[in-house]
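Good morning, everyone, and thank you for making time for this. I would like to walk you through one structure slowly, so please keep the picture in view while I talk.

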Amino acid sequence: KEVITEEKTKTFTKNGFFPIWNQDEFKFRVLNSDVAVLQLTVWDGDVVKAPDFIAVASVPISCLRKGYRSVRLCDANSSRTGAFNFSSLLIKVGINQAQVEI
């Protein structure tokens, strides 16, 4: 059985070059950590037009460890070249028996 849970952070204006989202904490219940994947997607939340895709990262839950982690971002083609060579998200991970906290 596939379970998909989606959470979204608030959109911050004028926060484009060094964005910080430290107000949101998400908790997920993971049924099978051997096959579960955390996907982080970054969008440009423009007020005037539809959001534009910026970057994505997919991390197997079984690879996550507690603490602060740097997650490398990829472009739409899963490439880390050009501007994406140094792009990453800093996340804080908490794990207990039943859920992963991001």
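Let me begin at a single residue, Ser-78, which is exposed, with a relative accessible area of 60%. Please keep in mind from the start that what you see is a predicted model. Ser-78 has its place in the loop between β4 and β5, and its phi angle is near 60°, a positive value in a residue other than glycine.

Before staying with that loop, let me step back to the chain as a whole. The chain has zero helices and six strands, so that, reading from the N terminus on, its elements run β-β-β-β-β-β. Along the principal axes, the C-alpha atoms fill a box of roughly 40 × 30 × 30 Å. Of the 102 residues in the chain, buried residues make up 23%. The accessible surface of the chain comes to about 8200 Å², and 52% of that surface belongs to carbon and sulfur atoms. If we take the contacts between residues at least 6 apart in sequence, 37% of them join residues at least 24 apart.

Now back to the loop, and to Ser-79, which also lies between β4, residues 67-72, and β5. The side chain of Ser-79 makes a polar contact with the side chain of Thr-81, at 3.0 Å. Setting aside residues up to four places away in sequence, Ser-79 touches Cys-74 and Phe-84.

A further residue of this loop between β4 and β5 is Asp-75, and here I would ask you to look carefully. Which side chain of opposite charge is nearest to Asp-75, and how far away is it? The answer is Arg-80, at 8.8 Å, and Asp-75, although buried, has no salt bridge. What the side chain of Asp-75 does reach is the backbone nitrogen of Ser-79, at 2.9 Å. Leaving aside its neighbours within four places in sequence, Asp-75 is in contact with Phe-53, Val-56 and Phe-84. Phe-84 therefore appears in two lists, since the contacts of Asp-75 include Phe-84, and those of Ser-79 include Phe-84 as well, with contact here meaning heavy atoms within 4.5 Å.

Let me turn to the interior. In soluble globular proteins, nonpolar side chains tend to be buried together. In this model the largest nonpolar core has 14 residues, and those with the most contacts inside it are Leu-38, Leu-40, Leu-64, Val-71, Leu-73, Leu-89 and Ile-91. The elements that give two or more residues to this core are β2, residues 37-44, β3, residues 52-60, and β5, residues 88-95. To see one of these residues in its surroundings, take Val-71, which touches Leu-40, Ala-57, Val-59, Ser-87, Ser-88, Leu-89 and Ile-91, not counting residues up to four places away in sequence.

Is a valine in strand β2 such as Val-37 buried or exposed? Val-37, which is found in strand β2, is exposed, with a relative accessible area of 51%. The C-alpha atoms of Val-37 and Val-59 are 5.6 Å apart in space, while the two residues are 22 residues apart in sequence. Not counting residues up to four places away in sequence, Val-37 touches Ser-58, Val-59, Pro-60 and Ile-61.

Moving towards the N terminus, Ile-20 lies in the segment before β1, residues 27-29, and is partly exposed, with a relative accessible area of 45%. With residues up to four places away in sequence left out, Ile-20 touches Phe-12 and Asn-15. Between the C-alpha atoms of Ile-20 and Ile-54, which are 34 residues apart along the chain, the separation is 15 Å.

Finally, let me come to the charged pairs. How many salt bridges does a search of the whole structure find? The search finds two. In one of them the side chains of Glu-6 and Lys-8 meet at 3.8 Å, N to O, and both Glu-6 and Lys-8 are exposed. In the other, the side chains of Lys-27 and Glu-25 meet at 4.0 Å, N to O; here Lys-27 is partly exposed, with a relative accessible area of 44%, whereas Glu-25 is exposed, with a relative accessible area of 55%.

That is where I will stop, and I am glad to go back to any of these places on the picture.

Notes. Residues numbered from 1 in each chain as written. Predicted model: local features only at pLDDT ≥ 70, side-chain atom pairs only at ≥ 80, totals over all residues. Heavy atoms only, no water. Core = buried A, V, L, I, M, F, W, Y, C linked by side-chain atoms within 4.5 Å. Buried < 20%, exposed > 50% of the residue type's maximum accessible area, 1.4 Å probe, protein only. Helix = DSSP H or I, 4+ residues; strand = E, 2+ residues; numbered from the N terminus. Polar contact = N/O pair within 3.5 Å; in protein donor to acceptor, adjacent residues only side chain to side chain. Areas by Shrake-Rupley, 256 points an atom, 1.4 Å probe, with all protein chains shown as cover. Lys, Arg positive; Asp, Glu negative; His and termini not counted.
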